[in-house]
Amino acid sequence: MTQTKTPPTSSTTVKRFPHIHDDPATLPKSLDPFTITTSTGFMPFIMSPTQLPEPFQPLVSLLERLPVEKLDGTPGLLATYELGPAVQELPDLTAEVDKLVTADGSPDLYAVTAVFRDYSFLASSYLLEPCWENWCKNPDKGYGLGRDVLPRAVACPMYRCAQLLDIPPFMSYAAAYSLFNYTLADPKKGLVYDNLRLVRAFEHGLNPKSSEAGFILTHIDMVKESNGLISGALKVVDTIEQDGSRAEVNDGFREILASMEKIEACMEDMWANSKPSEYLSFRVFIFGITNQSMFPNGVIYDGVLDNKPLNFRGESGANDSMIPLLDHLCQIPMPSTPLTKILHEFRAYRPLPHREFLAYMNSKAEEVGVRDFVVKDTETAILFLKTLNHVRSFRWRHWLFAREYIIRRTPHPTATGGSPIVTWLPNQLSAVMDMMISIYDTYLAPQKEPEYSANGLTGYDAAFQKQVEPMMEMVRDQKDKLAKEVEKWCQERGNGF
């Protein structure tokens, strides 16, 4: 793809995100490791550590003994359901969290995030160990009940880390389970899939060929290609704001399209990297508390918030920031439903820099009028439609994953994040399909009528039609197919679950 000169980033963007164009190697560890740059995208700007500072060695030792299969291939504590007693021996290291500072006395958020990751793995393992035992011994009878009290030695330091990072004190997608949970087998080879390794795992994930590793590493492999989404989206909104050339806006969309091609190619590898038949096993450990039968009364974090029962949503790929960025940039209207409310609740589980950037892009897209701008030119409208199509295809593939990895294999009614397993993804998928059909019907299809110029637009010639018509035919077919599938599964399972 031909690269054009990037227009000057707007002063508003630079003021809000002063490190957006910085070299990640120059950024201090006092910054949240998920501080966004145009070179690292939504990945952390620095790879997570594999070890913690010396005072946290009791935690590290416990985590190394925790997995069903340890790094050396021998059984760990979860293999024999003996984690519970071992956790009781852990000292309360809350005071050590506040000692994690940089040379100037600022909180070392890099170290804090690593400590949060490790406590998250321990907390979820401890709370869900009884469910794991139930599932292993008699999977047809469901998960049973999890533990409803998190010991003080886990709850308090984990809660303190969450306060410093401004995220909920529970296993999260970016700051714990996935994006801050990898290392490289050979640093010289970089971020190629076969070189990725997990730092922490529940079941067999320390073996890079396992389905657990494949599930998590595929997400990392996808997000590593997200930098083009950041730079492309900024190019779009900043150029429109500064009355720049339409060609620059088009280049911004082309940059997004190129990035999405790579992301979806990585996503498609999920089928080979993580077997659908093995997913339900390690999935036990990534459930949350909210809307889950395993925790009917919430969970008490001993020593936290007057020991009131707490509820948190579980780890979910829906907490990723890539597609929400395109939702905001493209101003995709979501239906006013309880399902969309869950979508909004997931925002809190993203790292603070991700939340701030997504909120900024949401307001900036509306302020500069991205949608109004793109529909005034045929070529831009088609690039916009292609961008929407990537959102659709991403969400469609996510639906296929949910169907084949989960819905066909378990009657459990909710996803790990607590959303209804059948209807939640189609809620967002239908929204983008509806928008695609609206854009096409209003601005492109009328141009095929020789006597009619739709909204003053021209140029929807045979070459463009060859690109767009098959895409729109597939969208309409897929929309009908999705509706029938959802109806079928709802009838079989009841109430959209």
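Guide: Let's begin with a cut-off: a residue is called buried when its relative accessible area is under 20%. And keep in mind that this is a predicted model.

Visitor: Okay, why does Ser231 count as buried?

Guide: Ser231 has a relative accessibility of 16%. Buried means under 20%, so Ser231 counts as buried. Ser231 sits in helix α9, residues 227-241. Leaving aside residues up to four places away in sequence, Ser231 touches Thr38 and Glu255.

Visitor: And what makes Asp166 partly exposed?

Guide: Its relative accessible area is 40%. Partly exposed covers the range between under 20% and over 50%, so Asp166 is partly exposed. You'll find Asp166 in the loop between α6 and α7 (173-177).

Visitor: What is there to say about the phi of Asp166?

Guide: Phi is positive there, about 60°, although Asp166 is not a glycine. Most residues other than glycine have a negative phi. Asn291 also has a positive phi of about 60° without being a glycine, and Asn291 belongs to the loop between α12 (276-283) and β4 (299-301).

Visitor: On to helix pairs. Why is α9 called roughly parallel to α13?

Guide: The axes of α9 and helix α13 (residues 322-329) cross at roughly 10° and come within 11 Å. Angles under 35 degrees count as roughly parallel, so that is the label α9 and α13 get. On the α9 side, the contact is made by Leu229, Ile230, Ala233, Val236 and Val237, and on the α13 side by Met322, Leu325 and Leu329. By class, that contact has eight nonpolar residues, no polar ones and no charged ones.

Visitor: What makes α12 roughly perpendicular to α17?

Guide: α12 packs against helix α17 (residues 378-407) at an angle of about 75°, with the axes 8 Å apart. The roughly perpendicular band is 65 to 115 degrees, so α12 is roughly perpendicular to α17. Here Pro276, Tyr279, Leu280 and Arg283 of α12 meet Glu404, Tyr405 and Ile406 of α17. That contact divides into five nonpolar, no polar and two charged residues.

Visitor: Then why are α5 and α6 called oblique to each other?

Guide: Helix α5 (residues 109-137) and helix α6 (residues 152-165) pack at about 140°, their axes 9 Å apart. Roughly antiparallel needs an angle over 145, and roughly perpendicular runs from 65 to 115. The value fits neither band, so α5 and α6 are oblique. Their crossing is left-handed.

Visitor: Which residues of α5 and α6 meet?

Guide: From α5 they include Val112, Phe116 and Tyr119, and from α6 they include Val154, Met158 and Leu165. By class, the contact of α5 with α6 has 15 nonpolar, two polar and no charged residues.

Visitor: One more. How do you know that the buried residues of α14 line one face of the helix?

Guide: In α14 (residues 338-345), the buried residues are Leu339, Thr340, Ile342 and Leu343. Look down the axis of α14 and these buried residues fall within an arc of 150°, so they line one face of the helix.

Visitor: Which exposed residues does the face turned away from the buried side of α14 carry?

Guide: Pro338 and Lys341 are the exposed residues there.

Visitor: What do the buried residues of α14 pack against?

Guide: Their packing partner is α18 (424-444).

Note on methods
Residues numbered from 1 in each chain as written. Predicted model: local features only at pLDDT ≥ 70, side-chain atom pairs only at ≥ 80, totals over all residues. Heavy atoms only, no water. Buried < 20%, exposed > 50% of the residue type's maximum accessible area, 1.4 Å probe, protein only. Helix = DSSP H or I, 4+ residues; strand = E, 2+ residues; numbered from the N terminus. Arc of directions from axis to C-beta. Contact = heavy atoms within 4.5 Å. Axes fitted to C-alpha atoms, helices over the stretch in contact; angles between N-to-C directions. Left-handed = near helix turned anticlockwise from the far one by under 90°. Nonpolar A, V, L, I, M, F, W, Y, C, P; charged D, E, K, R; others polar.
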